[in-house]
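Student: I've got a structure open and some time to kill. Can we talk through a few of its local details?

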Amino acid sequence: AKVHALALSMVSFYEQLRSKFTIDDHSHYVFTPRDLTDWTLGFLRYDQAALTGSGSTASSADRLLEIWTYEARRLFRDRLVGRDVEKFDSLLSASLLADWSAERLKTDEIYYVTWGTTSSGAGAEAWGRSLGRLETDDFREIATKALTSYARENSSLNILIFKEVLDHLARFDRVLTKPGGSLLLAGRSGVGRRTAPI
């Protein structure tokens with residue numbers, strides 16, 4: 001019954017998203033049923049410990065909703081621009097409240113990355129490397145250590161590790177550890193397109 005409710009919630013949110021953000025607003029706002037499939041298959045990449053909530057005070061239902069929200073943000077929110085990001089957050093919060101009686105989850109303070117996994121995630125390799133949960137401070141520490149190691153072996157990058165950099169690192173990790181994953185980085189000169197993926 002919970003799986004059915006989760007699926008209905010996903011379809012309902014997807015329909016609301018498609019009606020609110022259209023190609024009339026921006027040409028890249030193309031949302032297709034394939035996005036629903038990607039959303040569903042995205043659950044296979046998460047560490048089993050993250051899905052069951054083991055080793056954590058959060059219940060498995062709360063953790064599953066956290067992952068549901070995180071996947072929605074990565075699949076849909078990352079495509080939006082300007083004030084549409086705030087509209088998306090409101091739409092997502094309303095959906096969580098209506099369907100699950102859940103308040104807004106603090107997905108801004110957590111990251112699901114390959115460095116946070118505790119296991120290989122049985123069967124997840126077909127959909128990409130397993131993703132595990134990291135708090136912001138833990139992720140910042142890992143990124144700082146990796147940057148120090150890179151500087152010792154290659155050259156110093158002089159990158160400050162702040163929230164936006166961590167957000168980009170998590171996105172890069174998520175996409176590039178997926179089979180066939182690729183990125184197109186567009187932006188002005190000097191915004192870190194070449195150094196951030198390193």
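Student: Is Ser9 buried or exposed?
Tutor: Keep in mind that this is a predicted model. Buried means under 20% relative accessible area. Ser9 comes in at 2%, so the label for Ser9 is buried.

Student: Which side chain does the side chain of Ser9 make a polar contact with?
Tutor: Start with where Ser9 sits, in helix H1, residues 2–20. Outside its neighbours within four places in sequence, Ser9 is in contact with Trp68, Ser95, Asp99 and Trp100. The polar contact between side chains, at 3.3 Å, is with Trp100.

Student: Trp68 is in H4, right? How many of the 16 residues of H4 are buried?
Tutor: Yes, Trp68 is among the buried residues of H4, along with others including Ile67, Tyr70 and Leu75. Charged names turn up in that buried set too, among them Arg63, Glu66 and Glu71. H4 is largely enclosed by the rest of the structure, because the count of buried residues is 12.

Student: What span should helix H4 have at 1.5 Å a residue?
Tutor: H4 covers residues 60–75, which is 16 residues. The expected span is 1.5 Å times one less than the number of residues. The end C-alpha atoms of H4 lie 22 Å apart, and that agrees with the expected 22 Å.

Student: How do H6 and H7 sit, roughly parallel or roughly perpendicular?
Tutor: Helix H6 (residues 136–153) and helix H7 (residues 163–176) pack with their axes 11 Å apart, at an angle of about 80°. Angles of 65 to 115 degrees fall in one class, so H6 to H7 is roughly perpendicular.

Student: And what classes of residue make up the contact of H6 with H7?
Tutor: From H6 you have Thr136, Phe139, Arg140 and Ala143, and they meet Lys163, Leu166, Leu169 and Ala170 of H7. By class, that contact has 5 nonpolar, 1 polar and 2 charged residues.

Student: What is phi of Ser101 near?
Tutor: Ser101 is in the loop between helix H5 (84–100) and strand E1 (110–113). With a relative accessible area of 63%, Ser101 is exposed. Most residues other than glycine have a negative phi. Ser101 has a positive one, near 55°.

Student: Last one: in what order do the elements of the chain run from the N terminus?
Tutor: The chain has 7 helices and 2 strands. Of its 198 residues, 36% count as buried. From the N terminus on, the order is α-α-α-α-α-β-β-α-α.

Definitions and conventions: Residues are numbered from 1 along each chain as its sequence is written. This is a predicted model: local features need pLDDT of at least 70, side-chain atom pairs count only at pLDDT 80 or more; totals for chains, interfaces and linings use all residues. Side-chain values use heavy atoms; hydrogens and water are left out. Helices (H or I, at least four residues) and strands (E, at least two) are DSSP runs, numbered from the N terminus. Buried means under 20% relative accessible area, exposed over 50%, partly exposed in between (1.4 Å probe, protein chains only). A polar contact is a pair of N or O atoms within 3.5 Å; within protein, one must be able to donate a hydrogen and the other to accept it, and residues adjacent in sequence count only if both atoms are side-chain atoms. Contact means heavy atoms within 4.5 Å. Axes are lines fitted to C-alpha atoms, for helices over the stretch in contact, and angles run from 0 to 180 degrees between N-to-C directions. Angles under 35 degrees count as roughly parallel, over 145 as roughly antiparallel, 65 to 115 as roughly perpendicular and the rest as oblique.
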